[in-house]
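Please examine the model shown below. How should one begin to read its strands and its pocket?

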Amino acid sequence: QVQLVESGGGLVQTGGSLRLSCAASGGTFTSYAMGWFRQAAGKERQFVAAITWSSRATDYADSVKGRFTISRDNTKNTMYLETNNLKPEDTAVYYCAADLTPSSFYLATGTAEYDYWGQGTQVTVSS
(Lines give C-alpha, C1' and ligand atoms only; values in the text may rest on other atoms or scores of the structure.)
Protein backbone atom coordinates (compact mmCIF):
# COMPACT_ATOMS: atom_id res chain seq x y z
CA GLN A 1 0.00 0.00 0.00
CA VAL A 2 1.47 3.30 -1.12
CA GLN A 3 0.90 6.32 1.09
CA LEU A 4 1.36 9.89 -0.11
CA VAL A 5 1.38 12.94 2.13
CA GLU A 6 1.43 16.49 0.76
CA SER A 7 2.63 19.55 2.61
CA GLY A 8 3.68 23.12 1.94
CA GLY A 9 0.40 24.74 1.00
CA GLY A 10 -0.72 28.06 2.40
CA LEU A 11 -1.96 31.57 1.76
CA VAL A 12 0.15 33.83 -0.45
CA GLN A 13 -0.30 37.06 -2.35
CA THR A 14 -0.35 37.32 -6.12
CA GLY A 15 3.18 36.92 -7.42
CA GLY A 16 4.29 34.89 -4.45
CA SER A 17 5.81 31.42 -4.29
CA LEU A 18 5.29 28.16 -2.48
CA ARG A 19 7.14 24.85 -2.48
CA LEU A 20 4.87 21.85 -2.19
CA SER A 21 6.21 18.48 -1.08
CA CYS A 22 4.86 14.95 -1.43
CA ALA A 23 6.36 12.28 0.81
CA ALA A 24 5.84 8.68 -0.29
CA SER A 25 6.01 5.49 1.76
CA GLY A 26 5.00 1.86 1.54
CA GLY A 27 6.20 1.14 -1.97
CA THR A 28 9.05 1.34 -4.44
CA PHE A 29 9.19 5.06 -5.11
CA THR A 30 11.91 4.77 -7.70
CA SER A 31 9.69 2.75 -10.02
CA TYR A 32 6.77 5.20 -10.11
CA ALA A 33 5.98 8.11 -12.32
CA MET A 34 4.54 10.88 -10.18
CA GLY A 35 2.16 13.71 -10.82
CA TRP A 36 0.59 16.82 -9.35
CA PHE A 37 -3.05 17.70 -9.85
CA ARG A 38 -5.26 20.44 -8.48
CA GLN A 39 -8.93 20.94 -7.85
CA ALA A 40 -10.56 24.30 -7.41
CA ALA A 41 -13.87 24.62 -5.61
CA GLY A 42 -16.71 23.40 -7.81
CA LYS A 43 -14.40 22.24 -10.59
CA GLU A 44 -12.95 18.95 -11.75
CA ARG A 45 -9.51 17.81 -10.75
CA GLN A 46 -7.00 18.85 -13.40
CA PHE A 47 -3.48 17.90 -14.36
CA VAL A 48 -0.65 20.22 -13.31
CA ALA A 49 2.65 18.40 -13.84
CA ALA A 50 4.24 14.96 -14.02
CA ILE A 51 7.72 13.47 -13.80
CA THR A 52 9.25 10.12 -14.71
CA TRP A 53 10.95 7.94 -12.10
CA SER A 54 14.38 9.06 -13.34
CA SER A 55 13.47 12.76 -13.64
CA ARG A 56 14.57 12.61 -17.27
CA ALA A 57 11.18 13.74 -18.53
CA THR A 58 8.59 16.16 -17.23
CA ASP A 59 5.30 17.50 -18.50
CA TYR A 60 3.27 20.55 -17.53
CA ALA A 61 -0.16 21.96 -18.11
CA ASP A 62 -0.03 25.01 -20.35
CA SER A 63 -1.42 27.17 -17.57
CA VAL A 64 1.63 26.61 -15.35
CA LYS A 65 4.48 26.30 -17.86
CA GLY A 66 7.29 28.67 -17.03
CA ARG A 67 5.98 29.25 -13.49
CA PHE A 68 5.94 25.80 -11.86
CA THR A 69 8.75 23.25 -11.65
CA ILE A 70 8.31 19.59 -10.72
CA SER A 71 11.20 17.60 -9.27
CA ARG A 72 11.86 14.56 -7.13
CA ASP A 73 14.52 13.22 -4.78
CA ASN A 74 14.50 9.43 -4.92
CA THR A 75 16.89 9.22 -1.96
CA LYS A 76 14.20 10.89 0.16
CA ASN A 77 11.14 9.32 -1.50
CA THR A 78 9.86 12.84 -2.01
CA MET A 79 8.48 14.85 -4.92
CA TYR A 80 8.27 18.62 -5.08
CA LEU A 81 6.37 21.33 -6.92
CA GLU A 82 8.00 24.74 -6.93
CA THR A 83 5.29 27.29 -7.68
CA ASN A 84 6.31 30.82 -8.66
CA ASN A 85 4.48 33.96 -9.81
CA LEU A 86 1.27 32.59 -8.33
CA LYS A 87 -2.04 33.93 -9.56
CA PRO A 88 -5.51 33.89 -7.97
CA GLU A 89 -6.56 31.27 -10.54
CA ASP A 90 -3.95 28.90 -9.05
CA THR A 91 -6.07 28.70 -5.89
CA ALA A 92 -6.99 25.03 -5.36
CA VAL A 93 -6.32 21.92 -3.36
CA TYR A 94 -3.16 20.37 -4.75
CA TYR A 95 -2.84 16.59 -4.84
CA CYS A 96 0.11 14.36 -5.57
CA ALA A 97 -0.39 11.00 -7.23
CA ALA A 98 1.60 7.89 -8.10
CA ASP A 99 1.45 5.96 -11.38
CA LEU A 100 2.63 2.45 -10.54
CA THR A 101 2.64 1.22 -14.14
CA PRO A 102 3.96 4.13 -16.18
CA SER A 103 4.12 4.01 -19.94
CA SER A 104 7.50 3.97 -21.62
CA PHE A 105 6.24 6.50 -24.18
CA TYR A 106 4.42 9.24 -22.35
CA LEU A 107 3.65 10.74 -18.95
CA ALA A 108 0.10 10.25 -17.77
CA THR A 109 -2.05 13.35 -17.48
CA GLY A 110 -5.41 11.79 -16.67
CA THR A 111 -6.64 11.14 -13.14
CA ALA A 112 -7.68 7.59 -14.03
CA GLU A 113 -4.09 6.70 -14.91
CA TYR A 114 -2.85 7.24 -11.38
CA ASP A 115 -3.16 4.58 -8.72
CA TYR A 116 -2.60 6.33 -5.39
CA TRP A 117 -3.41 9.82 -4.17
CA GLY A 118 -2.53 12.00 -1.25
CA GLN A 119 -5.04 13.89 0.86
CA GLY A 120 -4.21 17.26 -0.68
CA THR A 121 -2.82 20.59 0.48
CA GLN A 122 -4.64 23.90 0.08
CA VAL A 123 -3.04 26.73 -1.89
CA THR A 124 -4.80 30.08 -1.72
CA VAL A 125 -3.57 33.07 -3.72
CA SER A 126 -4.99 36.44 -2.76
CA SER A 127 -5.31 39.29 -5.22
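The dialogue that follows treats one residue, its neighbouring strands and a pocket.

Q: What kind of model is this, and how are residues numbered?
A: The model is predicted, so local features need pLDDT of at least 70 and side-chain atom pairs pLDDT 80 or more, while totals for chains, interfaces and linings use all residues. Numbering runs from 1 along each chain as its sequence is written, and side-chain values use heavy atoms, without hydrogens and water.

Q: In which strand is glycine 10?
A: Strands are DSSP runs of E, at least two residues, numbered from the N terminus. Glycine 10 belongs to strand β2 (residues 10-13).

Q: Is glycine 10 buried or partly exposed?
A: Buried means under 20% relative accessible area, exposed over 50%, and partly exposed in between (1.4 Å probe, protein chains only). Glycine 10 is partly exposed because its relative accessible area is 24%.

Q: Which strands pair with β11?
A: Two strands pair if DSSP finds at least two bridges between them. Four bridges join β2 to β11 in the parallel sense, with leucine 11 opposite threonine 124. Strand β9 (residues 92-99) runs antiparallel to β11, with three bridges; there, valine 93 faces glutamine 122.

Q: Which side chains of β11 are buried?
A: In strand β11 (residues 121-126), Thr121, Val123 and Val125 point to one face and are buried, whereas Gln122, Thr124 and Ser126 point to the other and are not.

Q: Which residues does glycine 10 touch?
A: Contact means heavy atoms within 4.5 Å. Leaving aside residues up to four places away in sequence, glycine 10 touches Leu18, Gln122, Val123 and Thr124.
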